[in-house]
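Hi,

Here is the structure I promised to pass on. Have a look at it first, and my notes on what turned up follow underneath.

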Amino acid sequence: MRAFVFPGQGSQKVGMGTELAAASAAARSVFEEVDDALSQNLSTIMRDGPEEELTLTENAQPAIMANAIATLRVLEQDFGISLADNAGCVAGHSLGEYSALCAVDAFSLADTARLLKLRGKAMQAAVPVGVGAMCALLGADVEKAQALADAAAEGEVCELANDNDPTQVVLSGHTGAIERAVGLVKDHGIKRGVPLPVSAPFHCSLMQPAADAMAEALSETPPQDLAVPLYANVTASLVDDPAQVQELLVQQVTGRVRWRESVMAMRAAGAEHFVELGGKVLGPMIGRIDREAKVSSVITMEDIEALAGELS
């Protein structure tokens with residue numbers, strides 16, 4: 001079984017998609033459609049920057065999705081390799097869940113771009129700049145991370161945002177609590193605490209206003225039937241019912257990204273080959289979760305050709 005997976009925030013970089021757009025009309029049409037849907041030249045920011053503009057949450061989220069879907073469209077249209085015929089399941093990391101849902105036809109490309117633009121804006125607006133923060137804990141499992149979060153909270157929000165792999169857990173919450181957590185890592189047997197350069201505390205209860213905004217948006221643009229089932233971030237289990245997907249996307253804004261558990265669940269269900277489209281972020285995580293898993297990170301035209309050769 002093959003799982004197609006889609007990266008999340010942090011995988012953006014200036015120049016993303018440029019090579020694909022130059023080489024393929026299929027890729028160009030994705031970027032043009034996203035620009036039209038957002039009434040914005042997002043593809044220009046992706047190609048030329050500046051980096052600080054691309055890194056803005058409201059730009060980074062649709063940009064990462066557009067890059068992943070462009071990669072998929074090149075595979076499908078230029079090489080005749082259909083995701084639906086080759087994937088047993090899909091999954092995405094945080095915003096990557098929207099890319100995955102676009103890939104399996106639950107959302108149109110234009111709707112996905114608009115939803116992610118709104119999601120980015122809502123997440124940024126939920127907490128004033130400076131009030132929230134995030135940190136990565138290196139050399140931490142969930143138990144150690146939870147104990148640290150509990151110790152650092154002191155009445156403030158300090159929650160597990162991402163369980164990425166056996167060596168990396170991310171905390172999110174009030175800035176003071178996150179700073180205390182970084183200062184306490186050694187006391188909890190954790191190698192390092194690294195403050196993350198993010199503009200808001202994603203995937204914690206401080207994001208409730210953004211969850212409310214997404215609930216409203218998704219009620220107006222609900223997901224349709226999925227061509228391939230999804231492993232959801234917040235449950236780490238298989239879902240193919242659009243109504244349930246809608247509910248889980250709302251919960252995902254404040255909920256933990258259970259990526260490690262999702263990969264383990266896909267492996268247990270028989271996934272042997274993980275194909276990451278548009279990034280090289282999830283591949284290394286998957287390798288740390290299960291060394292036996294085969295991973296392909298597909299970014300360049302050369303990568304797409306190699307994958308197409310393998311799948312045809």
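A quick definition before the cysteines: a disulfide here is a pair of cysteine sulfur atoms within 2.5 Å. By that cut-off, this structure, which is a predicted model, holds zero disulfides. Cys-89 is in no disulfide, and the nearest cysteine sulfur, that of Cys-102, is 18 Å away. Cys-102 is likewise in no disulfide, with the sulfur of Cys-89 as its nearest cysteine sulfur at 18 Å. Since you'll probably wonder about access to these two: are they buried or exposed? Cys-89 is buried, with a relative accessible area of 1%. Cys-102 counts as buried too, at 3% relative accessibility.

Now the pockets. The largest pocket holds about 680 Å³ of space. Its lining is made up of 29 residues, and those nearest the centre are Gly-8, Gln-9, Gly-10, Leu-196 and Val-198. If you want to find the walls by element, look at the helices α5 (57-79), α8 (109-126) and α14 (282-289), along with the strands β3 (132-138), β4 (158-165) and β5 (168-174): each supplies at least two residues of the lining. Sorted by class, that lining has 15 polar, twelve nonpolar and two charged residues.

The second largest pocket has a volume of about 240 Å³. It is lined by 15 residues, of which Lys-13, Met-16, Gly-17, Asn-67 and Ile-299 lie nearest its centre. Which helix gives the largest share of this lining? That is α1 (residues 18-23), with three residues. By class, the lining of the second largest pocket comes out as eight polar, four nonpolar and three charged residues.

Last, a sheet. Strands of a sheet pair through backbone hydrogen bonds, either parallel or antiparallel. The one to look at here is an open sheet of four strands in the order β4-β5-β3-β6, with antiparallel pairing. Its edge strands are β4 and β6 (192-195), and each of them pairs on one side only. From one strand to the next, the twist averages 25 degrees. Between β3 and β6, which run antiparallel, there are four bridges. To spot that pairing on screen, start from Leu-137, whose bridge partner in β6 is Gly-193. While you are there, note that β3, β4 and β5 also turn up in the lining of the largest pocket, so the sheet and that pocket are handy to view together.

Cheers

Methods. Residues numbered from 1 in each chain as written. Predicted model: local features only at pLDDT ≥ 70, side-chain atom pairs only at ≥ 80, totals over all residues. Heavy atoms only, no water. Buried < 20%, exposed > 50% of the residue type's maximum accessible area, 1.4 Å probe, protein only. 1 Å grid on protein atoms, 1.4 Å probe; cavity = no way out; pocket = protein on both sides within 12 Å on 5 of 7 lines; lining within 4 Å. Points joined across faces, edges and corners; volume = space filled by probe spheres on them. Nonpolar A, V, L, I, M, F, W, Y, C, P; charged D, E, K, R; others polar. Pairing = 2+ DSSP bridges. Axes fitted to C-alpha atoms, helices over the stretch in contact; angles between N-to-C directions.
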